[in-house]
Amino acid sequence: TGNVPTSTAHWDLFVAGSGGIWNAGLSLGSANQEIRVNSGGTALEFHTPSSGGILQVKSTIKTDTQSITSNFPNFADISGLSVDITPSSASNKILIEVNLNVDCSTGYRNGAKIIRTVSGSSAVHIGNATSFSNRTGVTFGCGIGSPNGLHAHSFRMLDNPNTTNAVNYKIAVGTESTGGNIVINRDLNDGDDLSHPRGSSTITAMEVASGVL
């Protein structure tokens, strides 16, 4: 008490700028801007942070089982495994993540399609191969069937629906040849004992701001 700040015997200078911690020559910025040190490290400046990151997340989980007999080139929807999302900007993209637990008839190849439907438009198979001739086009493969084995398959893709309308994403699956059978969230045998597991499958849609892409 009684010792003024100019007394160096009692006070030490901790920090100071050209106008103190605040530069009086710096005009007031705009709403929601931040103060940062400029790139030269010589002064303060106002900065508008880029909007980015994940803006919203929608997800659906399927916990029941399903048996599907749909042979290439035909596919059938996995019931209950779809998700709806409405982008806040047409320039934003949607990151789709699918996690499937499946099994299939022994030795049968199988695959899945991600199908996008924008409100008011027709359904579109996304992530298709650009050229497949007589082959079957899929978004991702699910391996070769091996009964009594629960096989997990994961797939991600960044989609550009270019809309602010509601968008639905769903999964359809199929197997090769007549008689092939694909089952969801269980193995093909599905015996009611401790040797046969059951699982769940999910589909998740995340809106990614264009500022981070």
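This passage walks through a predicted model, strand by strand and contact by contact.

A good place to begin is strand β11, which spans residues 167-175. Of its 9 residues, 8 are buried, so the strand is largely enclosed by the rest of the structure. Two strands pair with β11. With β5, the pairing is antiparallel and runs over 6 bridges; within this pairing, V83 has Y169 of β11 as its bridge partner. With β7, the sense is again antiparallel, here over 9 bridges, and A112 is matched with V173 of β11.

Side chains add to the picture around β11. K170 and D77 form a salt bridge in which the closest N and O atoms are 2.8 Å apart. Because K170 sits in β11 and D77 in β5, this pair ties together parts that are 93 residues apart in sequence. Both partners are partly exposed: K170 has a relative accessibility of 24%, and D77 has a relative accessible area of 36%. The strands β5 and β11 are thus joined by backbone pairing as well as by this salt bridge between K170 and D77.

A second salt bridge is found between the side chains of R109 and E176, with an N to O distance of 3.1 Å. R109 belongs to strand β7 (residues 109-118), while E176 lies in the loop between β11 and β12 (182-184), so the contact ties together parts that are 67 residues apart in sequence. E176 is classed as buried because its relative accessible area is 19%, which is under the 20% limit used for that class.

The loop that holds E176 also comes into view from the side of N71, a residue in the loop between β4 (66-68) and β5 (76-85). N71 is buried, with 16% relative accessible area. Its contacts, leaving out residues up to four places away in sequence, are T175, E176, S177, T178, G179 and G180. One of these neighbours, T175, also makes a polar contact with N71, side chain to side chain, at 3.2 Å. E176 therefore appears twice in this part of the model, as a contact of N71 and, being buried at 19%, as the salt-bridge partner of R109.

In total, the model holds 8 salt bridges. Side chains of opposite charge can pair when their charged atoms come close. A further example joins R198 and D190, whose side chains meet at 2.6 Å, N to O. The two ends of this pair differ in their surroundings: R198 is exposed, at 55% relative accessible area, whereas D190 counts as buried, at 17%. These two residues are also part of a network of salt bridges that links R186, D190 and R198.

Strand β13 (residues 201-208) offers another well-covered element, as 8 of its 8 residues are buried. From this strand, S201, I203, A205 and E207 point one way, and T202, T204, M206 and V208 point the other way; residues of both sets are buried. Strand β3 (residues 54-62) pairs with β13 in the antiparallel sense over 8 bridges, and here I54 finds its bridge partner in V208. Strand β6 (residues 93-104) is likewise antiparallel to β13, with 7 bridges between them. In that pairing, L95 is matched with M206 of β13.

Strand β10 (residues 151-159) contains H153, which counts as buried at 17% relative accessibility. A polar atom of the H153 side chain lies 3.0 Å from the backbone oxygen of C142. Setting aside neighbours within four places in sequence, H153 is in contact with V98, N99, L100, V102, G141, C142 and G143. C142 is thus among the residues that H153 touches and also supplies the backbone oxygen described above.

The surface deserves a last look. I35, V37 and L44 make a nonpolar surface patch of about 240 Å². V37, one of its members, lies in strand β1 (residues 34-37) and counts as exposed, with 52% relative accessibility. This nonpolar residue of β1 is therefore classed apart from the residues of β13, since V37 exceeds the 50% limit for exposed residues and the 8 residues of β13 are buried.

Technical notes:
Residues are numbered from 1 along each chain as its sequence is written. This is a predicted model: local features need pLDDT of at least 70, side-chain atom pairs count only at pLDDT 80 or more; totals for chains, interfaces and linings use all residues. Side-chain values use heavy atoms; hydrogens and water are left out. Helices (H or I, at least four residues) and strands (E, at least two) are DSSP runs, numbered from the N terminus. Buried means under 20% relative accessible area, exposed over 50%, partly exposed in between (1.4 Å probe, protein chains only). A polar contact is a pair of N or O atoms within 3.5 Å; within protein, one must be able to donate a hydrogen and the other to accept it, and residues adjacent in sequence count only if both atoms are side-chain atoms. Contact means heavy atoms within 4.5 Å. Patches are made of residues with over 30% relative accessible area and no salt bridge: like charges are joined within 9 Å, nonpolar side chains (Val, Leu, Ile, Met, Phe, Trp, Tyr) within 5 Å. Accessible areas come from the Shrake-Rupley method with a 1.4 Å probe; for residues, only the protein chains shown count as cover. A salt bridge is a side-chain nitrogen of Lys or Arg within 4 Å of a carboxyl oxygen of Asp or Glu. Two strands pair if DSSP finds at least two bridges between them.
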